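Subject: Handing over the structure

Hello,

I am passing this structure on to you, and I hope you enjoy looking through it. Please have it open while you read the notes underneath.

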Amino acid sequence: MMFAIVVFPGSNCDHDVYHVAKHVLGRAARYIWHKDRDLRGADVVVLPGGFSYGDYLRTGAIARFSPVMEEVRKFANRGGHVIGICNGFQILLEAGLLPGAMRRNDSLKYVCRDVHIKVENPMTPWTRKYAKGETVRIPIGHGDGNYFIDDDGRKRLEDQNQIAFRYVSASGARGEAGANPNGSLGDIAGITNARGNVIGMMPHPERLAEKALGGDDGVRLFESIIEAVE
Amino acid sequence: MSIDHEMKATTVEQGVQHGLTPEEYARVVEAMGRAPNLIELGIFAAMWSEHCSYKSSRRFLKQFPTSGPRVLQGPGENAGVVDVGDGLAVCFKMESHNHPSYIEPYQGAATGVGGILRDVFTMGARPIASMNSLRFGAPTHAKTARLLNGVVAGIAGYGNCIGVPTVGGEVQFDESYDGNCLVNAFTLGILKSDKIFRGTASGLGNPVIYIGARTGRDGLGGAVMSSSEFDEESESKRPTVQVGDPFLEKLLLEACLELFRTDALVGIQDMGAAGLTSSSVEMASRAGSGMELELDLIPMRETGMTPYELMLSESQERMLLVAKRGREKEVLDICEKWDLAHAVVGRVTDSGKMVLKWHGQVAAELPITPLTDGAPVYERPIARPSWQDEVQTLDLSLVVQPINSSGLGAALKSILASPNVASKEWVYRQYDHMVRLGTAVRPGDGDAAVIRFTGQREGGVALAVDCNSRWCFLDPALGAAHAVVESARNVSCVGGEPLAITDCLNFGNPQRPEIMWQFSEACRGISEACRALGTPVVSGNVSLYNETEGRAVFPTPTIGMVGLIDDCRVRAGQSFLVAGEKIALLGELSASHLGGSEYLRAVHNQKRGVPPPLDYAKEKSVQGAVRALVRAGLVRTAHDCSDGGISVALAECAFGNGLGCDVTLS
Amino acid sequence: MKARVVVTLKRSVLDPQGLAVSRALGSLGFAEVQGVRLGKIIELDLDEKDAARARERLASMCEKLLANTVIEEYRIESIDGAPVANS
Amino acid sequence: MKARVVVTLKRSVLDPQGLAVSRALGSLGFAEVQGVRLGKIIELDLDEKDAARARERLASMCEKLLANTVIEEYRIESIDGAPVANS
């Protein structure tokens, strides 16, 4: 089981995912430089968080044109498992591998804190180790997580059960003040493609995968995909 | 502006316009053996400026204890280095960017963060944590909100993008900062203790290589560099504000770390204040060598730049390297991979001189030693301020103290609501404090931040930044000593063992005797406390002239304390965890001391009295006891009593998990 | 040749920045401000003589990179100083 | 009444964003792109009849909030649809 972690100029959470995959879960992990065109037998491709190309123009706008992204697109179309975390999610949106787009947080400020998200769809390879409707605590760290999609697109997401996570309060309730950290439409925190092999999420599961750092709700996402692939 | 103009001999008036006194200009002529041309004058003025030469403060810094069993590199290099065992070391420093931040808060703060990051990774270290200490004017002052918003956004914008977590710090407000905000940035990195890189240009014939962003006219509008000859047109091209590019700095960081893994480098230094001038001169001076630079080979961002502008530009994100002869291609290939501008711009000589060429023609030639060791050292007059006695007197009988519980309750609430004590979550929530998976104790969760050596080995560092500038105003020596002791106390409260400090000494105009008195007293307090606690000073910075219309900021000797934790899982936070746990006070509840207290300021709007006395022996035993209890796993919550005293400390412990406490003070 | 492109959020998309700026202006006493929308202005320096070809290339740059057509729309405002009538 | 203001970095101030976009366009095959500069366009909806007064108020809005006059410059481009000749 090998995690291929793509490194763009400006990625800064690549070594965090590497640490969780290798040191916490004992699986093979390899960095793929954005100019390479070979995913070298990856089982899972990870687009990590960071500020690819300084997030200039729009978050992820320039990174999507890196040579490696053509390979990631083919890999995903063949059913390969791809996860975009934070900036990685923004790159998947810009590349059209997931529907919708990101706007500035409604507070206009970068926000770094724990949030609570509800597992809406436990039937994906990424969420199978979570229970339906389970509330988990995962950190976020972004300035542009205000997800948007037009009405038709939103209907398709809901009809095809592509909404993986929504922001909720600690008790799991929707709509409470402070629960939604950025104004995201429908409190959406993470979505998959129709097939479920590609997921994008703003919260960072790798940031809460060890008790030593205060909790490990995030590790089960990695354990889910390992179970699904192995 | 033609180059010939820059090579004409200058006059003493031009020296004065560059910030030199007539006597200093005469010393330059003596060192050169002739009148300097404009390029040479600009270089001397930059190297002999207060910022680069510490001419008013150097003689006081000598008294600091700077060595110790763990110290691998003391002051004098880009950052201090301390051994933490198992072949690992940490390097750290604090820098100030006060004046630029007042002009343009976002870019001023952002470039401050960029500069201190470069000071750390130039030593060969991977930066793993940053902190900052901020001072603003009264919340009601017209500029405060804009400055606070801009500075915090700038620190976040730069730090978050480069991927170094901002894990702690402090923010304080006082009228004395109305005209001068303070932005002090701290960064710590880790490196192998046997692979420390230094800023030296040694090895005859070795190539001098420029890497990073292209050079523009940034920062040339500053007073020290402008002179009347420049015409209007070029003057307008000179922004006083430098703009940081955190994305490019991230590329520069990764490229440098890759370079360190080759053995092709001999020396490296970042281009900080006075850009190419200070880096080239200091590298040659440390090696006792000379240097020859071909300025026309420098990668430029703008057309028509001259030697004077290239030597003094303060464009950001640039480094100067010296590589082993023959290894140039290896270095340039790595720069190519990371899309960095790069060029071999000269070579090391043994002439003891800095020779600057322009299209083959020698444009400037300067002796190196006078530039660094020859800078003037001033014995500025010192005088205890006339108003010092008056502010130190406190007649408690005039202070109406609350007697019933509602009065006490109201007083506590007003202290908790004071901006200096209230929660700073609004600030640190804008900082990415989790990236790199090292943050075991997050901002707001403990008296100090705890950062793991993730993946390197067990254990980590405990970090705290502290200074009660009101106490330093009332008694600079005692106040400064308290800053050292409190930062050590914060580190001990999380279970860390204080190792060493860096500092940022922010004061007013040194030409005023009472300011020099404040400075000399503060230095005495710092060295006394560091000796008592066994925590040497391994790096630091001095920022003077923080003053507007004769009104100086409070003396602000900010202290950055670094401690060691053997096992980051065995630590203490700041909040009560479970109902039913016992609360103990270490150190007795001595007679009430209200001098300079937050109570006096928040409730009675008075800044009078003297700070509480300091007993180093008792301080060390209390800190030792807390550390032992935490390390034995017996104590999981520990908090020091500082601003607002024991009532505020108890309240802060209760907030974390929404618990209460019953306490009898008799 | 100089060209200028303006990229703005589609009308249907709520603009958090525009809202915040509008509120801030209100609190500064500019009561006459009813609404604000922010957009990006991109000024390009092109090594191209033929205005028609430039316009075609600019449209392709917008479609590919400069605008996210899911939530943004773009207008090529001027080429070589001459305003461009938009379709 | 509609008004439009353009805020751009001063010519002499480094524009890292423009540089990054220019290089990205180059790598996408738009070799004719020699340089790019990005700025903000602010479209305001004002409850104001008198164009001269609107212009004066807009300048004050720019000085106070819309532009950071240390590193940015602003132009009031159009008021009520009519282009505004700038001093």
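Below is what was found, starting with some ground rules and then going through the chain contacts.

This is a predicted model, in which local features need pLDDT of at least 70 and side-chain atom pairs count only at pLDDT 80 or more, while totals for chains, interfaces and linings use all residues. Residues are numbered from 1 along each chain as its sequence is written, chains are lettered from A and ligands numbered from 1 in the order in which they are written, and side-chain values use heavy atoms, with hydrogens and water left out.

**Chains C and D**

A good place to begin is the pair C and D, which shares the most contacts of the 5 pairs of chains in contact (contact means heavy atoms within 4.5 Å). Each partner brings its own set to this contact: 33 residues from chain C and 33 residues from chain D. Between them the two chains bury about 3000 Å², with 60% of it on carbon and sulfur atoms; buried area is the accessible area, taken with a 1.4 Å probe, that two parts lose on being put together, summed over both. On the chain C side, Phe30(C), Glu32(C) and Ile41(C) lose the most area to chain D, and together they make up 20% of what that side buries.

The rule finds 5 salt bridges across this interface (a side-chain nitrogen of Lys or Arg within 4 Å of a carboxyl oxygen of Asp or Glu). In one salt bridge, the side chains of Arg4(D) and Glu77(C) meet at 2.7 Å, N to O. There are also 16 residue pairs in polar contact across the interface of chain C and chain D, both residues being at pLDDT 80 or more. A polar contact is a pair of N or O atoms within 3.5 Å; within protein, one must be able to donate a hydrogen and the other to accept it, and residues adjacent in sequence count only if both atoms are side-chain atoms.

Which element gives the largest share of the side of chain C that touches chain D? That is S2(C), with 14 residues. Helices (H or I, at least four residues) and strands (E, at least two) are DSSP runs, numbered from the N terminus. S2(C) also pairs with strand S2 (residues 33-46) of chain D in the antiparallel sense, over 13 bridges; two strands pair if DSSP finds at least two bridges between them. For example, Gly35(C) has Asp45(D) as its bridge partner in S2(D).

**Chains C and A**

Here 16 residues of chain C are in contact with 17 residues of chain A. These two chains bury about 1300 Å² between them, 67% of it on carbon and sulfur atoms. Pro16(C), Leu65(C) and Ile71(C) supply 36% of the area that chain C buries against chain A, more than any other three residues.

The count between chain C and chain A is 1 salt bridge. Glu72(C) forms a salt bridge with Arg58(A), their closest N and O atoms being 3.6 Å apart. Polar contacts between chain C and chain A come to 6 residue pairs, both residues at pLDDT 80 or more. H1, S2 and H2 of chain C each supply at least two residues of the side that touches chain A.

**Chains B and C**

No contact joins chain B and chain C, and their closest C-alpha atoms lie 13 Å apart.

Best wishes
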